[in-house]
Amino acid sequence: MSVAALRLIHCRRLSTAGPPVVSETLFFFIRLCRGCLFITYEVFALDKSVTINTSAILQEKYKSYIYLSATSSTERENLTAARRELHKAARRFLEISSMLFLQSLDEHFSHVDADPHEVALWLLLKRTQSPKKAVRLQAVQELAENSHWQDYQYQTAAQVIDQRTAVGLARTPQVDLRFFRQPPALPDLEDVSEDGLRQLLASLPLSEVDRCVQYFTSLALRESNQSMAAQRGGLWCFGGNGLPYAQSLTSVPSEKAESFCLQALVQHSKSHCDRIVENGGLQILQRLYQLRRESLKIRRNIVRVIGNLALNESIHQAIVQSGWVSVLAETMKSPHVMEASHAARALANLDREAVREKYQDGVYILHPQTRVDQSSKADVLFIHGILGAAFKTWRQKDRSTLEEEREAESEDHYTECWPKSWLAADCPNLRVLSVEYDSHLSDWMANCPSLAYRSRELLNKLKLAGVGERPVVWVAHSMGGLLVKKMLLDAADDPDLQGLLKNTKGIMFYSVPHHGTFMAEYSVNVRYLLFPSIEVRELCKDSPDLRSLNEGFLNIAKENEIKVLSFAETQPTNISPMIKVVVVPTQSADLGLGELIKVDVDHLNICKPEKKDSFLYRRSLQFIQEALQQFISQ
């Protein structure tokens, strides 16, 4: 017990024994002192009980320290110098960047104090904005040739480049696809395609298109409505017609309807560009393209529509902003010649920086499909016949299974289009075009295009493509040769097309029925199998129309000294398992001007060389080179 407590007890005992000894003030003071002493004692006792020896902790802490040896004065100086150079390089980079983006830049960049490897990306991007066209073109080419940059540099470029530069890069050979921004995100791909496409097609006016397009649009909408009803069960309810759906069970109904709608949209895109864009057509087509990537035909028709829309310069920005440049750049690398050529036409129509011509629907660039350093010296145009096409007519001769196996073991690869693969390699300074016209339109109704109508239509398209401004050689198969003769006769009567006639240096005919064919009189069924168009009456042997066409062409060919080479088939063509016939006899294939060569092939293969070193191709190449020798040798 503490001393204070003993004193307190003693005082209490004294107070009970007699009268008080101390005053009340003294008693209060004593109590206060007693409390302070008690608290002080308890604090010291508590401190003693919780005191920890920290010596062990300090020893472990010392072990975790990192002890550095003393740095020599030379090392300190080197470190200081390196730090100084780093800060200097950083300041230099900022100064150069400011000069590039805040000041004008001349062609030689003489006032930019930078090594060639420094800020190369930004320097090239700035040059693409130069006021001088030659500088811009060269910058785009150099930009595309750099393949050693990192991903972040490509991403930076994709965010910075403008519309003109993006299109130029897409038309540059071997460009890296990382230069292009990906198409914007598209929600709900599965809910898009057919219904949106059908609504887009239904929103387009029919008053400004010909009756063939009206018919095909109605057909597409009907097929689409039936497909939508089938998917919703409408064809099987009361009053519905389930037969069309039952007949289409072997294929996906929606894809079939989409194909119909796209073919109709191709025709509308020639005259209703603004309306298609206003109604969200670019986004609908983008969604459909992503959804149907496995369908080559649907992808091809979509790109064909974009190529038609690109003819209208006022909607170029909308096309670029909707992500189509990256899609077209990727499609240009497609192994399928037809698909890549559709993309090449679309990009050429978008490229107003380097391309002056415009390529309308049906005029395809086979070579060059990308930007080139020098302009082409001459043109070679390929015109197919009825039921032909711009690509399949000019493919290499089909091979048997055994020949395909031999081909796989050799380096002689099959080509889907020999003018693009072979002729372009042998004559790189030529522009090679393939022309396609809608020969299937004549199946729709009796008043669809005639030979005269097609001639005028193609002449207008070729004029926009710049055909006639340089020397020309025509290559035609079957009825395509009659179309060429008609176009040249029309050009002779048109003052605006005189250049086309004067620049025509040669024509090569593959089994062209200059004097008609017995097929026109052979059988109604066979006749419409081969020549289902309105011009079939003009193909009758020695018809007045053919005689007049031939006489008029011979006159202008002689006056303008046009070289002519004709090939004639000698083998019958398999029309059916029971019918074989020579479609164009030698007498009809003989124009009466130039050289006539008989070839041991049928009508379909007369324009399809077996291989590159075959006589048919070598002689064709020789004729083209001889007709254009004085122009392409310069």
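Q: In which sense do β5 and β6 pair, parallel or antiparallel, and over how many bridges?

A: As a general idea, the strands of a sheet pair through backbone hydrogen bonds, in either a parallel or an antiparallel sense. In this predicted model, β5 and β6 pair in the parallel sense, over 5 bridges. One point at which to read this pairing is Y510, whose bridge partner in β6 is F567.

Q: How do β4 and β5 run, and how many bridges join them?

A: β4 and β5 run parallel and are joined by 6 bridges. Here V472 stands opposite T504 in β5.

Q: In what order do the strands of the sheet lie?

A: The open sheet is formed by 7 strands in the order β1-β3-β2-β4-β5-β6-β9, and the pairing is mixed. At the edges stand β1 (363-367) and β9 (595-599), each of which pairs on one side only. From one strand to the next, the twist averages 20 degrees.

Q: How do β1 and β3 run?

A: β1 and strand β3 (residues 430-435) run antiparallel, with 4 bridges between them. Among the residues to inspect is H367, whose bridge partner in β3 is V432.

Q: Which strands does helix α22 touch, and which does helix α28 touch?

A: Helix α22 (residues 479-492) packs on the sheet and touches β2 (378-383), β4 (472-477) and β5 (504-510). The direction of α22 makes about 140 degrees with that of β4. Helix α28 (residues 615-627) also packs on the sheet, touching β2, β3, β4, β5, β6 (563-569) and β9. The direction of α28 makes about 165 degrees with that of β6.

Q: How many residues of β5 are buried?

A: In β5, 6 of the 7 residues are buried, and the strand is mostly covered.

Conventions: Residues numbered from 1 in each chain as written. Predicted model: local features only at pLDDT ≥ 70, side-chain atom pairs only at ≥ 80, totals over all residues. Heavy atoms only, no water. Pairing = 2+ DSSP bridges. Helix = DSSP H or I, 4+ residues; strand = E, 2+ residues; numbered from the N terminus. Axes fitted to C-alpha atoms, helices over the stretch in contact; angles between N-to-C directions. Contact = heavy atoms within 4.5 Å. Buried < 20%, exposed > 50% of the residue type's maximum accessible area, 1.4 Å probe, protein only.
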